[in-house]
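Colleague: I'd love a close look at one part of this model, the place where two helices pack together. Could you walk me through it at an easy pace?

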Amino acid sequence: MPFFLAWLIHQLPRSAHRFSSAALCVLIAVLFITPWTLRNYRVFDRFIFIRDNLPLELHEANNNASSGLWTRSEHPGNDPASMRRFQELGEIRFMDEKKEAVRTFVREYPGKFLLFTLQRVWYFWAAPPQATIVAGYDMWVARHMEFLLEAAFAFAGLVLTFRRRNRYGWLLAPFLLIYPLPYYLVNPFPRYKHPIEPVMLILIVYLLWEARTVKLNWKLS
């Protein structure tokens with residue numbers, strides 16, 4: 001949202017109205033999230049922005065028993081021992097415990113955390129490992145190539161917007177560069193990429209449309 005507002009302010013005519021419009025947008029967003037934020041403070045006696053489960057998600061993907069992906073193995077919804085611990089501590093103290101576990105893991109195993117993060121970057125764009133059986137054949141290579149080609153063409157389209165000085169490049173860039181950042185730290189489920197796939201499609205179409213001007217000379221000398 002901050003990047004989109006900055007783009008709009010830059011594009012609007014230079015007047016006081018462009019800042020007032022951005023301020024109105026921020027005010028409306030704050031008004032919508034304030035009731036739930038106040039509810040969280042009343043229930044948990046602590047400021048919690050929207051949700052409090054990030055420490056658990058981080059821990060699930062970053063621990064010694066993990067391979068860098070969210071496994072559900074210690075999630076209260078799947079593990080009875082974790083559920084008992086959740087009930088004993090309460091929601092907030094349980095999340096605090098997971099937060100400290102993540103900090104300890106990153107501090108003691110920075111190399112492993114970096115490796116896990118790089119793997120998740122790859123999996124976000126090329127899809128996590130998953131058996132894809134079609135007519136008895138495992139099509140895992142085709143699955144990864146499908147995701148990877150989509151990403152490659154979308155990034156190529158984004159690069160082309162900057163090379164052609166298209167003013168919409170800065171508007172579309174946050175979808176590919178900013179939106180995925182949390183999933184690089186947690187879990188790159190393919191469904192988490194669905195919200196930005198319409199923008200990826202726009203960039204792919206733009207790339208193919210601009211490619212119409214490319215002329216290939218197939219004559220052999």
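Which residues in α6 meet which residues in α7?

Modeller: Happy to, and please keep in mind that this is a predicted model. On the α6 side, the residues are W122, W125 and A126. Their partners in α7 are H144, F147, L148, A151 and F155. Sorted by character, the residues of this contact comprise 7 nonpolar, 1 polar and no charged.

Now for the geometry. Two packed helices are described by the angle between their axes and the distance between the axes. Here α6 and α7 pack at an angle of about 90°, and their axes are 7 Å apart. Angles of 65 to 115 degrees count as roughly perpendicular, so α6 is roughly perpendicular to α7.

W125 deserves a moment of its own. Leaving aside residues up to four places away in sequence, W125 touches F147, L148, A151, F155, L176, P180, Y184, K193, I196 and M200. W125 also belongs to the largest nonpolar core, which has 14 residues. Within that core, W125, L176, M200 and L203 touch the most other members. At least two core residues come from each of α6 (110-126), α7 (140-163), α8 (169-177) and α10 (197-210). The largest share, 4 residues, is supplied by α10.

One of the residues W125 touches, K193, leads us on to a salt bridge. The side chain of K193 meets that of E150 at 3.0 Å, N to O. K193 sits in the loop between α9 (181-185) and α10, while E150 is in helix α7, so this pair ties together parts that lie 43 residues apart in sequence. Buried means under 20% relative accessible area, so K193, at 0%, is buried. E150, with 21%, is partly exposed.

Helix α7 also borders the loop that holds a partner in another such pair: R164 lies in the loop between α7 and α8 and E210 in helix α10, so their link spans parts 46 residues apart in sequence. The side chains of E210 and R164 form a salt bridge at 2.2 Å, N to O. E210 is buried, with a relative accessible area of 16%, whereas R164 is partly exposed at 44%. These two pairs belong to a count of 6 salt bridges.

Conventions. Residues numbered from 1 in each chain as written. Predicted model: local features only at pLDDT ≥ 70, side-chain atom pairs only at ≥ 80, totals over all residues. Heavy atoms only, no water. Core = buried A, V, L, I, M, F, W, Y, C linked by side-chain atoms within 4.5 Å. Buried < 20%, exposed > 50% of the residue type's maximum accessible area, 1.4 Å probe, protein only. Contact = heavy atoms within 4.5 Å. Axes fitted to C-alpha atoms, helices over the stretch in contact; angles between N-to-C directions. Parallel < 35°, antiparallel > 145°, perpendicular 65-115°, else oblique. Nonpolar A, V, L, I, M, F, W, Y, C, P; charged D, E, K, R; others polar. Salt bridge = Lys/Arg side-chain N within 4 Å of Asp/Glu carboxyl O.
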